[in-house]
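Here are a couple of warm-up exercises to work through with the viewer open. Try each task before you peek at its solution.

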Amino acid sequence: MSIAGSPIICAWPQPREFVMSLPKDDAATLSARWTEGVLLKRDVFSTVERGRFRGESGEVDAVLRRLDEVPWWSFPLARHLFAREKHALALAKGLNVGPELLWAGRRALVRGFVDGAALHLAKPHGDLAYFRSAKAALRRLRRAGICHNDLAKEQNWLVGRDGLAYVTDFQLAACFNRRGRLYRILAYEDLRHLLKHKRSYAPDALTPRERKILAKKSFAASLWLATGKKVYRAITRGLFNFTDREGGGRRLVNDAPVLTELIRKNPAVRDTAIVAFADRRSGVGLYAFVEADQAILEGQLRNELSAAKGPKPPEHIQVVHALPRDASGKPRTEILQLVAMNQLDLIEPMMKNDQDRAFLKDILEQRKNLRDRFNFEADLPTS
């Protein structure tokens, strides 16, 4: 992909001339060293995609964050968040707590790819070794003077293929030269958010001290919940029209439930699950997996959704014989999310048995989102 040309226009309503473009030196470096892969996320603060980057030691899997599709009205904040991430990643280099900073320009940076899945996808129930490694990662960050400040999100915790914990997305990170009061408060909150995740996945392993930490928010956290968080939501959801539900935005929050009910009205449909994926053309796309026996149902459903005059129909509708389900019978949307995003190499470690693998093979062979392709096929299940 050539990045030196005109910037790609995103789905937000703004004139072409108001979209920020990459500086020439950034564009030249990426054009020569970056190979486009899968689009992971695009919002009013940045575009994030997975691909490959050619460094001094050869080509490696990597993740690119770029500001060239950011609208003018959110650009100052986007640039501030970008600068914080660049500083924190540079300071964390060599700590083995997250992605390594491979290259940074003025409006784009490339970080290494961590081979693993986000916490909300991997769901490490009862995995005590994972949470021990997570605490060790936080200790290394503290020694370096880094507070992440966004660890309440499960998306920012990764379960590596090696079973260890890693953190990502350092846009809100704060770096300190001295361990003053503010540093101690933020470090405490990082730990408390980790323990909240431990309570979700390994509650019996919480120690009495950890339960005490969970029960006591810092004064700053209490003040933020009472005041600052309300202002933040008013600005992001009102002014910026931005909702970050696992990267799905307003379409996943507002449109998906309505579309789900409309699809279920068809008597041939047993169940459906809708997930979001980043789309290079529309910004955020919806992908509906429909449990039914009739493949011809896809066209029928699309006609019915269009005739209903409701939300925009999903970009992709795929009929499957059975949705993947967890022990309680709920659809495993974490797997469907990875299928929709073409993050196929991350699915195999989540398969528990041959039945899961056979089912997954059937879904993957019929998947609809083929615009973003990457060389993951070598890791696909064969039976």
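**Exercise 1.** In which order do the strands of the open three-stranded sheet run, and what kind of pairing does the sheet have?

*Solution.* Keep in mind that this is a predicted model.

Step 1: trace the sheet across. The order is β11-β12-β13, and the pairing is mixed.

Step 2: look for the edges. β11 (271-279) and β13 (316-320) each have a single partner strand, so each has one side with no neighbour in the sheet.

Step 3: check the twist. Ignoring direction, neighbouring strands here are turned by 20 degrees against each other on average.

Step 4: zoom in on one pair. β12 (residues 283-291) runs parallel to β13, with five bridges between them, and Tyr287 sits opposite His316 in β13.

Step 5: add the helices. Helix α9 (residues 297-307) packs on the sheet and touches β12 and β13, with its direction at about 135 degrees to that of β13. Helix α10 (residues 333-340) packs on the sheet too, touching β11 and β12, and its direction makes about 45 degrees with that of β11.

**Exercise 2.** Is Val167 buried or exposed?

*Solution.* Step 1: place the residue. Val167 belongs to strand β9 (residues 165-167).

Step 2: compare with the cut-off. Buried means under 20% relative accessible area; Val167 comes out at 1%, so Val167 is buried.

Step 3: see who's around. Leaving aside neighbours within four places in sequence, the contacts of Val167 include Val97, Pro99, Leu141, His148 and Trp157.

Step 4: try a C-alpha distance. Val167 and Leu138 are 29 residues apart in sequence, and their C-alpha atoms are 9.1 Å apart in space.

How values were computed. Residues numbered from 1 in each chain as written. Predicted model: local features only at pLDDT ≥ 70, side-chain atom pairs only at ≥ 80, totals over all residues. Heavy atoms only, no water. Helix = DSSP H or I, 4+ residues; strand = E, 2+ residues; numbered from the N terminus. Buried < 20%, exposed > 50% of the residue type's maximum accessible area, 1.4 Å probe, protein only. Contact = heavy atoms within 4.5 Å. Pairing = 2+ DSSP bridges. Axes fitted to C-alpha atoms, helices over the stretch in contact; angles between N-to-C directions.
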